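This briefing is addressed to a computational chemist who wishes to examine the ligand surroundings, the charged pairs and selected backbone features of one structure. The lead sentences begin with the ligand, and the remaining topics follow as bullet points.

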Amino acid sequence: MTSLEMKMPALLSQPLKMLIDGEWVSSQSGAHMDVINPSNGLVLVQESLGGAYEVDLAVQAARRAFESGPWSRMRPAERTRLLLKLAEALEQNGDELALLETLNTGKPLKMARAFDISMAAECLRYNAGWATKLSGETRNVSLPGDWHAYTLREPVGVVGLIVPWNVPLAMAVSKISPALAAGCTVLLKPAELTPLTALRLGELIQAIGFPPGVVNIVTGLGHEAGQAIVDHPGVDKISFTGSTSVGKSLLALAAGNLKRVSLELGGKSPVFIFADADLDRAMDAAARGIFGNTGQVCAAGSRLFVHRSVADRVIEGLVQRARSLRVAPGLSPDCEIGPVISARQRERVMGYIDSGRAEGAEVVAGGQTVQGDGFFVQPTVLVNTRPDMKVVREEIFGPVLSTQLFDDDSLEQLAARGNDTHYGLSSSIWTRDLRTAHQMVRRLRAGNVRVNAAAALDFAMPFGGYKQSGWGRENGREGVEAYTELKSVAIDLN
Ligand code: NAP
Ligand code: MG
């Protein structure tokens with residue numbers, strides 16, 4: 001399919017509205033901004049910028065839908081059924097959703113369809129099942145007399161969901177689906193740069209017949225709409241995915257009513273390639289892990305540690321892979337790597353590459369922008385990097401790999417080098433030696449560890465960070481329980 005043969009989604013035919021209490025509305029202030037296609041810098045449509053007023057309306061609607069019970073007291077099997085219908089609707093509208101995602105983020109259309117949209121549907125299906133499976137338990141108490149004691153899992157209430165721009169639909173769904181399965185009602189704020197698929201999702205939610213107010217979507221700026229959500233006394237919990245700096249800044253505001261807070265933040269994840277590894281697979285995975293989605297992945301393997309005896313071969317292999325990846329607009333059929341999300345993000349990434357050069361790193365692949373109107377950065381490999389450099393310490397959120405060598409260090413020393421970061425989101429180990437693998441797994445301070453595996457995202461597996469990569473876990477039982485309160489009930493039977 002070429003871009004000319006593609007039908008423009010109807011969503012783009014008029015300015016975007018917000019979904020509040022089952023109605024599509026524009027912001028009261030009339031404020032709006034352009035939504036840009038990062039592949040060519042052109043305006044796709046305008047979005048409405050909501051603020052405290054719209055957030056308050058949405059919180060009231062969510063509160064009504066929660067308290068009066070059309071969602072929180074709906075039979076769990078009925079919630080499951082609606083969530084499964086939504087998964088089905090995502091699949092049925094998959095081509096259109098993928099096109100919207102590609103237009104808005106620049107990611108390859110094939111990837112948007114095969115990964116982003118399919119993952120969102122799978123996520124819904126996985127979490128749909130939890131509505132009927134959440135449970136408390138009876139407890140064996142030793143109080144004097146005769147007691148019936150048990151715990152109840154109850155929905156936490158009205159939840160504010162704030163998501164970033166790198167995987168917009170899948171990220172929105174990964175928060176909406178466990179929250180709804182648990183019986184909460186929600187207010188979603190997409191990133192200001194990427195509202196399209198969230199709003200199309202809102203249309204599907206309405207078409208399927210979710211009661212009004214169960215899902216509200218307010219578009220707007222982080223420091224306005226986002227902040228208003230975090231500040232609102234009617235919001236019981238915030239689930240935020242984004243940068244560590246914004247995550248930290250939310251805490252003071254959330255303290256106003258002691259909202260529950262879940263945070264999925266940044267990372268600077270290490271990849272270890274030992275001399276005995278299957279080097280071809282390791283190189284493929286390392287390249288995909290840092291260049292996929294143009295490096296805009298929180299769990300991107302951005303720090304490579306490679307054993308000196310295989311370093312020449314591995315770095316050469318990564319350089320070749322970096323150079324051969326086709327950087328192109330997301331709609332171009334041969335696109336493997338799209339642009340970064342914005343001109344600002346491109347400047348930021350280039351600023352890091354320049355700082356790497358200034359601090360003595362050598363660029364052995366990429367390191368340049370790409371001519372044209374889109375916000376393209378070449379896949380970049382840096383060698384001669386040291387642990388004190390900015391490119392090694394800070395999250396770049398772009399296609400930039402820093403490499404360091406190791407000798408026959410003890411695993412203790414090597415893990416310490418991997419752990420020398422404020423972050424603790426993810427890590428990968430490539431070795432055929434069981435002992436090395438298990439010992440490294442135990443020593444790494446990260447929420448997710450992969451051994452001899454490329455990406456391994458599965459909704460049954462908890463995902464989240466140690467240290468400054470976050471609070472709490474998404475996915476799995478833990479991910480749904482994060483949207484519940486636990487009530488202890490004791491009944492005196494005497
Ligand atoms: P961001 O600036 O932290 O923004 C994330 C979301 O928070 C956006 O919706 C943003 O709105 C909103 N926001 C910004 N300032 C806010 C405030 N003061 N109060 C309330 N909300 C506010 O992050 P980003 O630049 O979009 O995304 C990149 C970062 O996200 C990276 O650091 C990456 O590691 C992290 N990330 C983490 C994960 C994970 O699962 N751990 C996944 C993806 C991304 P605006 O868009 O309007 O600014
Ligand atoms: Mg931002």
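A nitrogen atom of ligand 1 lies 2.5 Å from a backbone N or O atom of Leu265. Taken alone, ligand 1 exposes 890 Å², of which the protein buries 88%. The elements contributing two or more residues to the shell around ligand 1 are α7 (222-231), β10 (237-241) and α8 (244-254). The model is a predicted one, and the values below should be read accordingly.

**Surroundings of ligand 1**

- The shell around ligand 1 holds 29 residues, of which Val163, Glu192, Ser243, Leu265 and Glu395 come nearest.
- By residue class, this shell consists of 16 nonpolar, nine polar and four charged residues.
- Helix α7 supplies three residues, the largest share of the shell around ligand 1.
- At Val163, a polar backbone atom is 2.7 Å from an oxygen atom of ligand 1.
- At Trp165, by contrast with the backbone contact of Val163, an N or O atom of the side chain is 2.9 Å from an oxygen atom of the ligand.

**Salt bridges**

- Over the whole structure, a search finds 28 salt bridges.
- Side chains of opposite charge can pair when their charged atoms come close.
- One of the pairs is formed by Glu96 and Arg200, whose closest N and O atoms are 3.1 Å apart. Glu96 belongs to helix α3 (residues 94-105) and Arg200 to helix α6 (residues 196-208), so this salt bridge ties together parts that are 104 residues apart in sequence.
- Arg200 counts as buried because its relative accessibility is 12%, under the 20% limit. Glu96 has a relative accessibility of 22% and therefore counts as partly exposed.
- Arg357 and Asp354 meet through their side chains in a salt bridge with an N to O distance of 3.1 Å. Both residues lie in helix α11 (residues 343-358), and because they are three residues apart, about one helical turn separates them.
- Within this helical pair, Arg357 is partly exposed at a relative accessible area of 34%, and Asp354 is also partly exposed, at 41%.
- A further salt bridge joins the side chains of Arg417 and Asp409, at 3.5 Å from N to O. Arg417 has a relative accessible area of 26% and is partly exposed; Asp409, at 23%, is likewise partly exposed.
- Through salt bridges that share partners, Glu88, Glu91, Asp95, Arg113, Glu122 and Arg125 are joined into one network.

**Ser72 and its contacts**

- Ser72 is placed in the loop between α1 (52-67) and α2 (76-92).
- Is Ser72 buried or exposed? Its relative accessible area is 16%, so Ser72 counts as buried, the limit for that class being under 20%.
- A polar atom of the Ser72 side chain lies 2.5 Å from the backbone oxygen of Phe66.
- With neighbours within four places in sequence left aside, the residues in contact with Ser72 are Ala65, Phe66, Arg79, Pro155 and Gly183.

**Positive phi values in loops**

- Phe397 has a phi near 60°, a positive value in a residue other than glycine.
- The loop that holds Phe397 runs between α12 (390-393) and β16 (400-406). With a relative accessibility of 15%, Phe397 counts as buried.
- Lys467 has a phi near 45°, again a positive value in a residue other than glycine.
- Lys467 is located in the loop between β18 (448-451) and β19 (470-471). Its relative accessible area is 36%, and Lys467 is therefore partly exposed.

**Arg442**

- Helix α14 (residues 434-443) contains Arg442.
- Arg442 counts as exposed because its relative accessibility reaches 75%, and the class requires a value over 50%.
- The C-alpha atom of Arg442 is separated by 29 Å from that of Asn293, and the two residues are 149 residues apart along the chain.

Notes: Residues are numbered from 1 along each chain as its sequence is written. Chains are lettered from A and ligands numbered from 1 in the order in which they are written. This is a predicted model: local features need pLDDT of at least 70, side-chain atom pairs count only at pLDDT 80 or more; totals for chains, interfaces and linings use all residues. Side-chain values use heavy atoms; hydrogens and water are left out. Helices (H or I, at least four residues) and strands (E, at least two) are DSSP runs, numbered from the N terminus. Buried means under 20% relative accessible area, exposed over 50%, partly exposed in between (1.4 Å probe, protein chains only). A polar contact is a pair of N or O atoms within 3.5 Å; within protein, one must be able to donate a hydrogen and the other to accept it, and residues adjacent in sequence count only if both atoms are side-chain atoms. Contact means heavy atoms within 4.5 Å. A residue is near a molecule or strand if one of its heavy atoms lies within 4 Å of it. Accessible areas come from the Shrake-Rupley method with a 1.4 Å probe; for residues, only the protein chains shown count as cover. Ala, Val, Leu, Ile, Met, Phe, Trp, Tyr, Cys and Pro count as nonpolar, Asp, Glu, Lys and Arg as charged, and the others, Gly among them, as polar. A salt bridge is a side-chain nitrogen of Lys or Arg within 4 Å of a carboxyl oxygen of Asp or Glu.
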